[in-house]
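The following dialogue examines how terms used for a protein model are justified by their definitions. Please consider the structure shown here.

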Amino acid sequence: MINLQNLTKRYHHHVAVDDVTFRCEPGTITGFLGPNGAGKSTTLRMLTGLTPPTSGRVTIDGSPYADLPNPGRLVGVMLDAAAQHPGRTGLQTLKLTAQLLNMPPARATEMLGRVGLEAAGNRRVGDYSLGMRQRLGIAGALMGDPAVLVLDEPANGMDPEGIRWMRGLLQDFAGRGGTVLLSSHLLGEVQATVDHLVVIGRGRIVAGGALEELLAGSGTVVRARDVGALASALRRSGYTAELRPDGALRVQASAEQVGTVAAATAAVLTELGEGGGLEDLFFELTGSAQSDHTAAAA
Amino acid sequence: MLTARPPADAAQTADTRPIAPSHPRTVVQPQRFRTVTAVEVRKMTSTRSGKAVLAAVLAIAAAVVIWLLFHARTVPPSWQNYSGLLPVVGTALAMIGLLGMTAEWTQRTALTTFTLSPRRGRVLAAKFLAASGLALAALAAVYAIIIGGIAAGGLIAGHPADYAGMGRGILSFLVIAVLQVTMAAGFGALSAQTAVAVAAYLVAPTVWAAVGNALLKSNAQWLDVFSAFGRLSSTHPLTDLPQSLTAIGFWIVLPTTIGVVRSLKREVK
């Protein structure tokens with residue numbers, strides 16, 4: 001289990017991470033989302049002992065990362081797939097990790113196979129594509145038979161098949177009691193993979209919880225032959241309805257509530273569905289966090 | 001028409017068995033310093049630059065000795081004549097330590113290294129030890145080449161091989177090699193940029209030797225580290241010992257200390 005408590009990182013006057021608190025439980029995949037520069041990577045670096053927090057603490061199964069006897073045996077970490085020495089082969093890279101983690105050298109070959117790189121094992125990492133480096137990084141993270149995985153942008157540079165493979169791997173891993181924390185900016189991928197979500201904007205947590213609950217809060221999207229009339233009817237019934245640029249209405253109400261209003265006013269609906277999904281939620285949450293800051297600065 | 005090409009990230013039919021954390025968890029032994037050092041040795045010898053330095057050193061030694069053998073009649077085969085290549089060897093071997101330090105930052109592998117071993121001080125100590133050990137091993141090979149050369153030269157020239165001064169020479173160059181490796185690794189830890197560190201390590205003391213002599217006259221030898229190496233490896237290693245120690249303090253202890261402190265605190269990106 002990963003437990004971050006009031007984690008804060010301040011650089012001079014700039015607060016990169018501001019009082020971040022959340023937990024990742026065994027058996028779950030937590031997606032860590034936020035725009036560039038929101039504090040995701042700084043948080044993950046504090047989690048893995050690379051950057052000392054200004055205040056607050058983070059523990060993994062009760063211990064700070066740096067106090068673990070051999071951290072890679074509990075926590076598999078991949079913070080940047082590009083950060084591998086181009087002059088070594090994939091197999092050499094993994095064997096070094098195996099030695100450091102006190103795992104048998106044969107485990108390196110086994111892990112290469114697990115990520116589908118056995119044929120590329122003797123090629124230099126410099127000749128790997130980004131997707132192959134991601135696979136190599138994941139093999140390295142899995143080397144020490146960890147119970148926890150921390151991955152920064154693992155789907156970056158992977159082709160659709162690679163992304164699907166990784167989703168299956170992570171869901172299996174969590175399904176068997178593992179804990180996964182991954183950051184990503186590929187929203188569709190996150191929505192398909194994770195079951196919990198933590199959204200960060202400007203260093204602060206702006207939302208967190210089970211994916212379904214968070215998405216349920218994003219309302220209903222509806223299109224009608226006469227959108228204006230429907231919007232007025234909905235507002236008269238006390239719902240917030242907002243016209244989107246694409247001509248659809250977004251309503252803070254369930255599909256059933258919208259349908260009831262439509263039936264009562266004989267409105268002809270052309271489409272009725274769940275809210276805009278993760279993408280709308282993301283921009284709503286992080287956008288407001290950004291403007292809050294702008295307002296405070298002004 | 002679409003052609004069926006393998007995906008860019010070369011997914012063979014990957015092993016589809018699920019990867020699960022094992023239960024119950026095994027008790028994990030702490031990472032041992034010995035293991036960290038062994039891994040650093042492997043890291044230094046598994047890259048092309050590391051291999052190139054080692055190969056170049058042995059090739060240079062062999063080439064010089066072979067050249068001397070062709071001139072065995074005019075250059076008598078002696079330790080005195082054949083050990084002249086050792087300062088060059090020492091300077092080149094020191095690159096192993098320097099590259100070992102800078103590669104982590106220029107190749108950004110520090111991210112992985114310090115994630116797997118969060119206690120950075122131990123990693124840095126292991127790097128100094130690994131670089132020194134490798135340099136000493138390479139130096140031993142160079143000694144073997146030199147000694148073999150002297151013996152062969154004796155046979156070719158037909159006069160007895162002269163090993164005078166060999167025992168002390170071997171010892172003092174071992175010390176100097178360790179000092180040079182430490183100095184280069186210190187410069188590597190200091191700047192973390194290979195080019196800057198190499199330039200600083202090779203050029204700065206040389207420039208100082210020239211400029212310092214002009215500015216400070218005989219006082220310049222207090223900060224002339226190459227002269228200090230020369231004295232320490234001479235027949236009278238204790239000559240001007242305070243000057244030698246001051247130069248070593250300025251060019252080796254100081255940069256190494258600052259370099260280690262910077263590497264301990266440097267933000268890993």
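Q: What share of the contacts in chain A between residues at least 6 apart in sequence join residues at least 24 apart?
A: Among those contacts, 70% join residues at least 24 apart. Two residues are in contact if their C-beta atoms, placed from the backbone, lie within 7 Å.

Q: What kind of model is this, and which rules apply to its numbering?
A: This is a predicted model, in which local features need pLDDT of at least 70, side-chain atom pairs count only at pLDDT 80 or more, and totals for chains, interfaces and linings use all residues. Residues are numbered from 1 along each chain as its sequence is written, while chains are lettered from A and ligands numbered from 1 in the order in which they are written.

Q: How do you know what confidence the predictor has in chain A?
A: The pLDDT is the predictor's confidence in each residue, from 0 to 100. For chain A its mean is 89, and 96% of the residues reach 70 or more. Over residues 289–298 of chain A, however, the pLDDT is below 50, and this stretch has 7 contacts in the model beyond near neighbours in sequence. Where pLDDT is low, the predicted coordinates should not be read in detail.

Q: What makes α4(A) mostly covered?
A: A residue is buried if 20 or more other C-beta atoms lie within 10 Å of its own, exposed if 12 or fewer, and partly exposed in between, with C-beta atoms placed from the backbone. In α4(A), 12 of the 13 residues are buried, among them Met132(A), Leu136(A) and Ala139(A). The buried residues of this helix pack against β5 (75–78), α2, α3, β6 (148–152) and α5 of chain A. In chain A as a whole, buried residues make up 48% of the 298 residues.

Q: How do you know that the length of α4(A) agrees with the expected span?
A: The expected span of a helix is 1.5 Å times one less than its number of residues. The 13 residues of α4(A) should therefore span 18 Å, and the end C-alpha atoms are 18 Å apart, which agrees.

Q: Why are helices and strands given these names, and how many does chain A have?
A: Helices (H or I, at least four residues) and strands (E, at least two) are DSSP runs, numbered from the N terminus. Chain A has 10 helices and 13 strands.

Q: How do you know that β5(A) and β6(A) pair?
A: Two strands pair if DSSP finds at least two bridges between them. β5(A) and β6(A) have 4 bridges and pair in the parallel sense; Val148(A) is the bridge partner of Val75(A). β6(A) also pairs in the parallel sense with β7 (residues 179–183) of chain A, over 5 bridges, and Leu182(A) in β7(A) is the bridge partner of Leu151(A).

Q: What makes both faces of β6(A) covered?
A: Val148(A), Val150(A) and Asp152(A) on one side and Leu149(A) and Leu151(A) on the other are all buried.

Q: Why is the largest nonpolar core called a core?
A: A nonpolar core is a set of buried Ala, Val, Leu, Ile, Met, Phe, Trp, Tyr and Cys residues joined through C-beta atoms within 7 Å. The largest has 144 residues, and Ala139(A) and Leu93(B) are among the members that touch the most others. Helix α6 (residues 120–157) of chain B gives the most to this core, with 14 residues.
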